[in-house]
Amino acid sequence: MSKIKITQTKSVIRRPGDQKRTMEALGLRKIGKTVEVEATPQIRGMVSKVSHLVSVEDA
């Protein structure tokens, strides 16, 4: 599988709890933090749920 880089660009303050938990599950806790993960269907679904809070690029 390919890898993707996910960077948190916006805060999770005043966001629904499910979006906060999704961000933590992705390993994102601070603005500007970047994680590199496998591009599985599950991860892509999580990214689509919080797409307004993150930026994604292929690694």
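**Exercise 1. Arg14 and its backbone**

Task: In this predicted model, find where Arg14 sits, decide whether Arg14 is buried or exposed, and say what stands out about its phi.

Solution:
- Start with the location: Arg14 belongs to the loop that runs between β1 and α1.
- Next, check the surface. The relative accessibility of Arg14 is 82%, and the cut-off for exposed is over 50%, so Arg14 counts as exposed.
- Now look at the backbone. Phi of Arg14 is near 65°, a positive value, and the residue is not a glycine.
- Why bother flagging that? Most residues other than glycine have a negative phi.

**Exercise 2. Laying out the sheet**

Task: Work out the order of the strands in the sheet and the sense in which they pair, then pick out the edge strands.

Solution:
- Trace the three strands across the open sheet and you get β2-β1-β3, with antiparallel pairing.
- The edges are β2, residues 34–38, and β3, residues 54–58; each of these pairs on one side only.
- From one strand to the next, the twist averages 25°.
- Take the pairings in turn. β1, which covers residues 3–8, pairs with β3 over five bridges. β1 and β2 also pair in the antiparallel sense, over five bridges.
- Finish with the helix: α2, residues 41–49, lies across β1, β2 and β3 and runs at about 25° to β1.

**Exercise 3. Ile6 and its partners**

Task: Name the residue of β3 that is the bridge partner of Ile6 and the residue of β2 that stands opposite Ile6, then place Ile6 in the nonpolar core.

Solution:
- Look towards β3: the bridge partner of Ile6 there is Val56.
- Now look towards β2, where Val35 stands opposite Ile6.
- For comparison, try Lys5: Glu57 of β3 stands opposite this residue.
- Go on to contacts beyond four places in sequence. Ile6 touches, among others, Leu26, Leu28, Val37, Ile43, Val47 and Val54.
- Then turn to the core. The largest nonpolar core has 13 residues, and Ile6 is among those touching the most other members, along with Ile4, Leu28, Ile43 and Val54.
- Which elements give two or more residues to this core? They are β1, α1, β2 and α2.
- A bit of background: in soluble globular proteins, nonpolar side chains tend to be buried together.

**Exercise 4. Two polar residues in β1**

Task: Decide whether Gln8 and Thr7 are buried or exposed, and find a polar partner for Gln8 and for Thr7.

Solution:
- Both residues sit in strand β1: Gln8 and Thr7.
- Compare each value with the cut-off for buried, which is under 20%. Gln8 has a relative accessible area of 3%, so it is buried. Thr7 comes out at 19%, so it counts as buried too.
- Now the partners. A polar atom of the Gln8 side chain lies 3.0 Å from the backbone oxygen of Lys10. For Thr7, a 2.9 Å polar contact joins its side chain to that of Thr34.
- Check who else is around, skipping neighbours within four places in sequence. Gln8 is in contact with several residues, including Met23, Leu28, Arg29, Ile31 and Leu53. The contacts of Thr7 are Gly32, Lys33, Thr34, Leu53, Val54 and Ser55.

**Exercise 5. Salt bridges**

Task: How many salt bridges are there, and which parts of the chain does the Lys49 pair tie together?

Solution:
- The count comes to two.
- Take the pair Lys3 and Glu38: their side chains meet with an N to O distance of 3.6 Å, inside the 4 Å cut-off.
- Place those two residues. Lys3 is in strand β1 and Glu38 in strand β2, which puts the partners 35 residues apart.
- Check their exposure. Lys3 has 34% relative accessibility and counts as partly exposed; Glu38, at 31%, is partly exposed as well.
- Move on to Lys49 and Asp18, whose closest N and O atoms are 3.2 Å apart.
- Lys49 lies in helix α2 and Asp18 in helix α1, residues 17–26, so this salt bridge ties together parts 31 residues apart in sequence.
- Exposure again: Lys49 is partly exposed at 41%, and Asp18 is partly exposed at 31%.

Key
Residues are numbered from 1 along each chain as its sequence is written. This is a predicted model: local features need pLDDT of at least 70, side-chain atom pairs count only at pLDDT 80 or more; totals for chains, interfaces and linings use all residues. Side-chain values use heavy atoms; hydrogens and water are left out. Two strands pair if DSSP finds at least two bridges between them. Helices (H or I, at least four residues) and strands (E, at least two) are DSSP runs, numbered from the N terminus. Axes are lines fitted to C-alpha atoms, for helices over the stretch in contact, and angles run from 0 to 180 degrees between N-to-C directions. Contact means heavy atoms within 4.5 Å. Buried means under 20% relative accessible area, exposed over 50%, partly exposed in between (1.4 Å probe, protein chains only). A polar contact is a pair of N or O atoms within 3.5 Å; within protein, one must be able to donate a hydrogen and the other to accept it, and residues adjacent in sequence count only if both atoms are side-chain atoms. A nonpolar core is a set of buried Ala, Val, Leu, Ile, Met, Phe, Trp, Tyr and Cys residues joined through side-chain atoms within 4.5 Å.
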